[in-house]
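Please look through the structure shown below at your own pace, and then follow the paragraphs that come after, which go from the whole chain to a few chosen residues.

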Amino acid sequence: MPIHRIAPSILSADFARLGEEVGKVIAAGADLIHFDVMDNHYVPNLTIGPLVCAAIKPYATVPIDVHLMVKPVDRIIPDFAKAGADIITFHPEASEHVDRTLGLIRDQGCQAGLVFNPATPLDHLDYVLDKVDMVLLMSVNPGFGGQAFIPAMLEKARAARARLDAYAERSGRRIALEIDGGVKVDNIGPMAAAGVDTFVAGSAIFGEPDYRTVIERMRAQIAA
Ligand code: DX5
Ligand code: ZN
């Protein structure tokens with residue numbers, strides 16, 4: 001049985017009170033803090049960088065899961081490692097040399113992950129699995145919170161799970177499978193059944209007054 005983790009995306013938090021929001025959502029049961037970095041180049045939106053990561057670090061008593069939607073990606077990686085990132089994921093389209101970028105993240109002492117846009121094939125995993133700690137499937141096109149889950153991503157999650165299970169069998173190493181975009185209480189159950197173990201949710205959590213209740217309801221659906 002995989003360990004299921006809920007990773008609230010602070011993209012939908014109140015940015016004027018970010019430290020407090022991070023503390024509150026961890027007290028409500030968050031397992032990771034998902035940190036969305038957008039550059040207005042790789043994706044059409046602009047968010048937060050290493051300075052903000054360092055600023056929330058004292059409040060983050062769980063790992064910070066940095067999702068880089070930036071191009072080029074390599075030169076910002078050491079800054080995020082210094083800022084306290086625990087996991088760093090990036091899109092293969094944003095890297096000239098995917099194997100090198102994965103190595104760079106791990107050399108900085110962080111876990112490394114590859115992110116797949118809805119139309120990006122899983123074949124990018126071929127030949128690099130030994131350097132991957134997490135696979136992140138986008139279930140919306142990246143750039144904004146609050147979009148609708150793309151149903152075809154359930155089939156992709158099953159395909160990813162099969163690859164990762166086959167890899168675990170031959171290597172003895174488990175790679176996490178995360179999903180990001182449109183995750184809600186009423187659709188998280190099928191994602192868990194498809195083999196996802198780590199769930200990013202932004203608007204579904206921060207859009208409600210009581211974070212604990214949403215996270216508990218999500219966990220109940222995962223266990224059902
Ligand atoms: C989108 C981001 C997501 C976003 C998810 O590009 O990567 O992490 O915050 O937001 P919701 O959960 O509202 O779809
Ligand atoms: Zn994200």
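The radius of gyration used here is taken over C-alpha atoms, and the rule for a globule is 2.2 Å times the number of residues to the power 0.38. For the 224 residues of the protein chain this rule gives a compact globule a radius near 17 Å, and the chain has 16 Å, so the value agrees with that of a compact globule. Along its principal axes, the C-alpha trace of the protein chain spans about 45 × 40 × 30 Å.

Before going further, it should be said that this is a predicted model. The protein chain has a mean pLDDT of 98, with 99% of its residues at 70 or more, and the model as a whole scores ipTM 0.99 and pTM 0.98.

The protein chain contains eight helices and eight strands, and 42% of its 224 residues are buried. If one takes the contacts in the chain between residues at least 6 apart in sequence, 64% of them join residues that are at least 24 apart.

Which residues does UniProt give as "active site"? The record, an unreviewed entry, places this feature at Asp 36 and Asp 180. Although these positions span 145 residues in sequence, no two of their C-alpha atoms are more than 10.6 Å apart, so they gather at one spot.

Asp 36 has its place in strand E2, and because it has 24 C-beta neighbours inside 10 Å, where 20 or more are needed, Asp 36 counts as buried. Once its neighbours within four places in sequence are left aside, Asp 36 is in contact with Ser 9, Leu 11, Thr 47, His 67 and Met 69. Asp 180, for its part, lies in strand E7, which covers residues 176–180, and with 26 C-beta neighbours inside 10 Å, Asp 180 counts as buried. Not counting residues up to four places away in sequence, Asp 180 touches His 67, Leu 136, Met 138, Ser 139 and Val 200. His 67 is thus found among the contacts of Asp 36 and also among those of Asp 180.

The last stop is ligand 1, which has 22 residues around it, and of these Ser 9, Pro 142, Gly 145, Gly 202 and Ser 203 come nearest. Strand E2 (33–38), strand E8 (198–201) and helix H7 (203–206) each supply at least two residues of the shell around ligand 1. Sorted by class, this shell has eight nonpolar, 12 polar and two charged residues. Ser 9, named here among the residues that come nearest to ligand 1, is also one of the contacts of Asp 36.

Technical notes:
Residues numbered from 1 in each chain as written. Chains lettered and ligands numbered in written order. Predicted model: local features only at pLDDT ≥ 70, side-chain atom pairs only at ≥ 80, totals over all residues. Near = placed C-beta within 6 Å. Helix = DSSP H or I, 4+ residues; strand = E, 2+ residues; numbered from the N terminus. Nonpolar A, V, L, I, M, F, W, Y, C, P; charged D, E, K, R; others polar. pLDDT = per-residue confidence, 0-100. UniProt positions renumbered as here; feature names shortened; annotations may be inferred. Buried ≥ 20, exposed ≤ 12 C-beta atoms within 10 Å, placed from the backbone. Contact = placed C-beta atoms within 7 Å.
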